[in-house]
Amino acid sequence: MAEVIKLHGVWASAFSCRVIWALKLKGIPYDCIEEDLRNKSPELLKYNPVHKKIPVLVHGEKPICESMIIVEYIEETWPEKPLLPADPYDRAIARFWVKFADDKGPALWMLFRTTGEELEKFKKESLEMLKTIEEHAGTLGKKKFFGGDNIGIVDIAFGGIAHWFGVMEDVVGVKLFEAQVFPCLHAWTENFKQVPAIKESLPDHDKLVVLYKQMREFLLASS
């Protein structure tokens, strides 16, 4: 009997979606458990006692935390339909960009949490991140995806840019991700969102805007 795979996540989270995309791309069945982050379930607190955050993948009662660590676990456990390149050098480069996404990505999420000088700082950091990706990341501009013609782990790592960046722009009232300034990255977002496993898993844009506006108002009021 196959071991049950459960994902503790939140529908609006790009980090939860990273895991969902990996599971769907590999055709792995799973049960999704929607968490209320204001009232976290005992299971979530048990499975991730260190950070108490989503997402958490539970495979046969073994919990794995942190979205890209979960994606690598999925890749190693179910190597069919690989998300990482076969060549060791290419795998190392892919892991470099995954780390870049996790190191630099927080600037994007800080856009909707800040105002004034702090907001300007994170706008600048977000633009620098986009510029670096546009100019240096993988086969962007030559192929459809970061690693070539097929979607891979780096695309999953940068998935938040494809959908959530526009949400942040709408919430804050800024426009940073201009198609004429970042043509390669903009083309990639369109290719990425057309992959069936991605497209069917993207949260509704308008619902995200409503949610993040509420979160922004709450965070700014309490700061």
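Hi everyone, let me start with the aromatic rings: counting rings whose centres lie within 6.5 Å of each other, this structure has 13 aromatic pairs. One of them joins phenylalanine 177 and phenylalanine 182, with 6.1 Å from centre to centre and 50° between the planes, so the pair is classed as tilted. Please keep in mind that what you have in front of you is a predicted model.

Are those two phenylalanines buried or exposed? The cut-off for buried is under 20% relative accessible area. Phenylalanine 177 comes out at 7% relative accessibility, so it counts as buried. Phenylalanine 182 has a relative accessible area of 4%, so it is buried too.

Staying with aromatics, there is also a cluster to look at. Trp21, Phe96, Trp97, Phe100, Phe146, Phe158, Trp164, Trp188 and Phe192 form one aromatic cluster. Have a look at phenylalanine 158 in particular. Leaving out residues up to four places away in sequence, phenylalanine 158 touches Trp97, Phe100, Ala101, Ile133, Phe146 and Trp188.

That brings us to the core. The largest nonpolar core holds 75 residues, and Ile133 and Phe158 are those with the most contacts inside it. Where does this core lie? Domain 1, residues 5-77, and domain 2, residues 88-222, both contribute residues, so the core lies between them. As general background, nonpolar side chains in soluble globular proteins tend to be buried together.

Now for the sheet. It is an open sheet of 4 strands, in the order 2-1-3-4, and the pairing is mixed. Strand 2, at 31-34, and strand 4 sit at the edges; each has a single partner strand, so one side of each has no neighbour in the sheet. From one strand to the next, the twist averages 20°.

Two helices go with these strands. Helix 3, residues 67-77, packs on the sheet and touches strand 3 and strand 4, with its direction at about 130° to that of strand 4. Helix 1, residues 14-25, lies across strand 1 (5-9) and strand 3, and runs at about 155° to strand 1.

Let me finish at the hairpin. Strand 3, residues 56-59, pairs with strand 4, residues 62-65, in the antiparallel sense over 4 bridges. Which residues are partners here? Valine 56 has cysteine 65 in strand 4 as its bridge partner, and leucine 57 has isoleucine 64. Between the two strands of this hairpin there are 2 residues, and glycine 60 takes a positive phi near 60°.

Thanks for listening, and do turn the model around while we chat!

Key
Residues numbered from 1 in each chain as written. Predicted model: local features only at pLDDT ≥ 70, side-chain atom pairs only at ≥ 80, totals over all residues. Heavy atoms only, no water. Pairing = 2+ DSSP bridges. Core = buried A, V, L, I, M, F, W, Y, C linked by side-chain atoms within 4.5 Å. Buried < 20%, exposed > 50% of the residue type's maximum accessible area, 1.4 Å probe, protein only. Domains from an automatic or database assignment. Contact = heavy atoms within 4.5 Å. Axes fitted to C-alpha atoms, helices over the stretch in contact; angles between N-to-C directions. Phe/Tyr/Trp six-rings, centres within 6.5 Å; stacked < 30°, edge-to-face > 60°.
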